[in-house]
Amino acid sequence: MNNIQRVASSAMTIAEMEARKIRHDSTELWMRCVQPALWLLIFGEVFNSIRSLPTGGFSYIQFITPGVLAQSVLFVAIFYGITIVWERDVGLLTKLLSTPSPRISVVVGKALAAGVRGIFQGIMIFALALVIGVNIRFDPLDVLGVFVVVVLFAMCFASLSMTLASFLKTRDRMMGIGQAITIPLFFGSNAIYPVSMMPQWLQYVSAYNPLTYVVDAMRSMLLTGDYSGLPLDIAALLAATVLFVLSASILLKRLIE
Amino acid sequence: MTSTQPLTAGTSSEGGAAPLAIEVSGLTKVYSDGTRAVDNISFSVKEGEVFGMLGPNGAGKTTTIKMITTLARLTVGSVRVFGVDVTASPQDVRQMLGFVPQAISVDGDLTGYENLLIFAKLFFVDHEQRKKRIQEALDYFGLADRANDLVKHYSGGMMRRLEIAQALVNRPRLLFLDEPSIGLDPYSRRQVIEQIKELNREFGTTIFVTTHDMSEADELCQRLAIMNLGKLAIMGEPAELKKSVGGDVLTVKLTGPMASELPATLGSVVSADEGTIKILTADGERAIPRITDYFEGSGAVVESVSLNRPTLDDVFMK
């Protein structure tokens, strides 16, 4: 086996480890569907009746469906830093790193697992959208494209979270930073209102907010069918993912020293 | 008849000097806050040996293990495992090792079988060999009938055994055990110790164990090093170390006249008060009748004599 095969094989094993845990107990996965469901069913329904937001000709609930999906994947992914600190605390990380598997495969494997959880979120949100009659484009290629974006996005933020964990090192701090990252990203993005409604300063912030690009990519596939911004969205996401996977792999050993 | 496959890949050396499993020279670890956790230590472990490292908490044992197993970077010095430099080729080194960390760290949310499967894969054990090795490890550690239960429902002793089994699916040439019997009840502890001894005896696995339990080290290890404040205080065979403490101690209880001095051939008085006298002597068992005769000859009545051999505790406290 050459090095790339070893990384791929070990990353799949780490992801398999998580998949097996989910198979034994999937409670967490289902609980994580509650929040996005509330956003769609309550927030979405209430604001749907106002019809004064400039949502580009779409109903408000159509408008926020991609936003809620992106947000729920973000919340799943940002959790991985806490998981890795916990695994360090119980000695599991030390043992994973004592195997000949390359360190980057631990990061990629965890990030892939975040992607799998993200896909599950996607399926649940699509199912809910179908049930409550949200009109989105269920074209197979678009849905596939959304899942690709979901996996990349989950990998990106899971790795960012693991990178932060290697500096912060404790679960409490990671809980804090998780909140401090997700909430501003969410409200400073186009997830639940259009950028044009924001005050000028927030519009600037939003232009550098990765969530904005993710929501934009999802919205183009699920609602508008206008793919012109898609290559940039995906390229930016891919670059950020590679960057964070590498930083987490290099810094991971800080956790066990 | 089923052929028994070795659980580890220990190789027997044919004549000549046994190759060194571990060569540590001038090893030093300074943490970023300036703490010298390990301070210029050198030692070697022969292939096929059970080597123990003792020391109080914070002596630097775990840091030393971490550097040998490539988990922590060394600051100064060099470490070779079967001739391979840990800094130059960490992945090759890890491929030869099994590591059982201090805290129980099997994954409670997976079954016993899955814990072994995942680690077999992470050690790149061949697909064809995997199932067989996992089954053998489960059988060897008496876990086969609980293999498909979630590990969080296991007892502490079972988790410890699973943990060692996990390190063995790789057939390591060198096995590290960091405080292997910590937190176990006496029965489970005994089981774990017997299994470690058997691994060494049957398969020639080189074993590096840290502990602060002296009796365990005495029973398990062929050679010991005692570490304190980041330095190696003393190293040798358990019997040798005990001899260095200076012999056996006899405690004699008697009534009647008490001698405060003894002829030098019998030993020397360590302490004497209220009918109890402690005597340090080279060979306690042989000295008992002679010392009894001596006291009775001087008109005292000897009520009891007890013999204390030095334990590693004494070496440790020294």
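**Chain B of a predicted two-chain model**

In chain B, F99(B) stands opposite F176(B), a residue of strand β7(B). I begin with that pair, and I should say at once that the model is a predicted one.

The two strands concerned, β6(B) and β7(B), run parallel and are joined by 4 bridges. Is β6(B) covered on its faces, or uncovered? Both faces are covered. L97(B) and F99(B) are buried on one side, and G98(B) and V100(B) are buried on the other. This fits a general pattern: in a regular strand, side chains alternate between the two faces of the sheet.

Let me now place β6(B) in its sheet. The sheet is open and has 6 strands, in the order β6-β7-β8-β3-β9-β10, with mixed pairing. Strands β6 and β10 of chain B, the latter covering residues 231-236, stand at the edges with a single partner strand each, so one side of each has no neighbour in the sheet. On average, and ignoring direction, neighbouring strands here are turned by 15° against each other. Helix α5 of chain B, residues 156-168, packs on this sheet and touches β6 and β7 of chain B. The direction of α5(B) makes about 165° with that of β6(B).

Further along the sheet, strand β3 of chain B, residues 50-54, runs parallel to strand β9 of chain B, residues 223-228, and 4 bridges join them. Which residue of β9(B) is the bridge partner of G52(B)? The partner is L224(B).

Two loop residues connected with these strands deserve a remark on their backbone. As a general matter, most residues other than glycine have a negative phi. E179(B), in the loop between β7 and α6 of chain B, has instead a positive phi near 50°. L229(B), in the loop between β9 and β10 of chain B, likewise has a positive phi, of about 50°, although it is not a glycine. As to burial, E179(B) has 18 other C-beta atoms within 10 Å and is therefore partly exposed. L229(B) has 14 such atoms within 10 Å, so L229(B) too is partly exposed.

I turn to chain B as a whole. The chain has 10 helices and 14 strands. Its C-alpha atoms fill a box of roughly 80 × 45 × 45 Å along the principal axes. Of its 318 residues, 43% are buried. Among the contacts in chain B between residues at least 6 apart in sequence, 69% join residues at least 24 apart.

The domain assignment divides chain B into domain 1, residues 20-236, and domain 2, residues 246-317. The C-alpha centres of these two domains of chain B lie 42 Å apart. How many residues does each domain of chain B bring to the contact? Domain 1 brings 5 residues and domain 2 brings 5 residues. On the domain 1 side, the largest share, 3 residues, comes from helix α7 of chain B, residues 214-220. By class, that side has 4 nonpolar residues, no polar residues and 1 charged residue.

Next, helix α9 of chain B. This helix covers residues 284-297, and its 14 residues should span 20 Å at 1.5 Å a residue; the end C-alpha atoms are 19 Å apart, which agrees. Which residues of α9(B) are buried? They include G284(B), A287(B), I291(B) and F295(B). In general, an α-helix has 3.6 residues a turn, so residues three or four places apart point the same way. Among the elements covering the buried residues of α9(B) are strands β11, β13 and β14 of chain B. Just after α9(B), G299(B) takes a positive phi of about 90°.

Strand β14(B) itself is hardly covered, with 0 buried residues among its 8. It pairs with β11(B) in the antiparallel sense, over 7 bridges. In that pairing T251(B) stands opposite S306(B), a residue of β14(B).

Finally, I come to the contact between the chains. It takes 22 residues from chain B and 23 residues from chain A. On the side of chain B, α2 (90-96), β6 (97-100) and α3 (112-122) each supply at least two residues. The largest share of that side, 5 residues, comes from α3(B). By class, the side of chain B that touches chain A has 13 nonpolar, 4 polar and 5 charged residues. The talk thus ends where it began, with β6(B): an edge strand of the sheet that also contributes to the contact with chain A.

Methods: Residues numbered from 1 in each chain as written. Chains lettered and ligands numbered in written order. Predicted model: local features only at pLDDT ≥ 70, side-chain atom pairs only at ≥ 80, totals over all residues. Contact = placed C-beta atoms within 7 Å. Nonpolar A, V, L, I, M, F, W, Y, C, P; charged D, E, K, R; others polar. Pairing = 2+ DSSP bridges. Axes fitted to C-alpha atoms, helices over the stretch in contact; angles between N-to-C directions. Domains from an automatic or database assignment. Expected span 1.5 Å × (residues − 1). Buried ≥ 20, exposed ≤ 12 C-beta atoms within 10 Å, placed from the backbone.
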